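Grab a pencil and work through these exercises. Try each task yourself before you read its solution.

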Amino acid sequence: MLEKKQRKVILITDGDEHAKQAVEKVAVDIGGRCISHSWGNPTHVSGEELVEMILSTPSDPVLVMFDDCGYQYEGPGERAMRVVATDPNIEVLGAIAVASSTHSCEWAKVNISIDRYGELTEYGVDKDGVADMEIGRINGDTVYILDQLDIPFIVGIGDIGKMAGLDTLKKGCPVTKQAVNLILERSGYRESRKGNT
């Protein structure tokens with residue numbers, strides 16, 4: 001009997017309309033898939049439903065959005081993220097931790113951040129994609145759970161599809177795309193794909 005192949009997934013802690021458009025665009029550009037139903041402010045589908053959608057996609061990598069819309073601590077997006085990230089049929093390659101400025105913000109550790117100009121920085125970044133004062137931490141509203149999950153690589157970025165006009169759909173969402181590509185590189189995903197061709 002053939003072993004079931006795990007789906008390779010990238011978690012994204014933003015799910016508003018701008019994020020949806022940006023993530024769909026980036027998924028097409030990298031030859032991956034976006035679970036478009038995962039958008040919502042807050043997330044409106046359950047983790048179990050998302051797992052079903054992810055496992056039904058025909059190819060990897062799969063980009064999935066989660067949003068708490070300012071809920072403090074574990075909100076609906078984070079509950080769904082926990083279910084997805086701990087499912088045995090899913091391999092989480094990494095996560096994109098998106099900065100926000102809601103009053104119930106939480107902190108999470110990040111391995112690296114990308115500012116709005118596409119520069120890598122050890123500091124966190126704010127909603128506009130400007131480097132913050134804290135090293136290795138980001139302030140957001142759907143990031144509380146990231147430290148509790150076994151995520152190999154976390155990239156911090158500003159507000160997806162925005163960042164003072166530097167990550168818009170019209171510009172091709174370069175910061176979001178760079179974050180996804182960085183996770184794919186660091187995870188060894190691309191090298192493993194070459195080995196299978």
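**Exercise 1. Find where Asp 150 sits, and decide whether Asp 150 is buried or exposed.**

Step 1: Look in the loop between strand S10 (137-140) and strand S11 (154-157), and you'll find Asp 150 there. Strands (E, at least two residues) and helices (H or I, at least four) are DSSP runs, numbered from the N terminus.

Step 2: Check the accessibility: Asp 150 has 76% relative accessibility, so it counts as exposed. The cut-offs for relative accessible area are under 20% for buried, over 50% for exposed and partly exposed in between (1.4 Å probe, protein chains only).

A quick note on the source: this is a predicted model, where local features need pLDDT of at least 70 and side-chain atom pairs count only at pLDDT 80 or more, while totals for chains, interfaces and linings use all residues. Residues are numbered from 1 along each chain as its sequence is written, and side-chain values use heavy atoms, with hydrogens and water left out.

**Exercise 2. Do the same for Asp 16, then list what Asp 16 is in contact with.**

Step 1: Asp 16 belongs to the loop between strand S1 (7-12) and helix H1 (17-30).

Step 2: Its relative accessible area is 15%, so Asp 16 is buried.

Step 3: Skip the neighbours within four places in sequence, and Asp 16 is in contact (heavy atoms within 4.5 Å) with Trp 39, Gly 40, Asn 41, Asp 67 and Lys 162.
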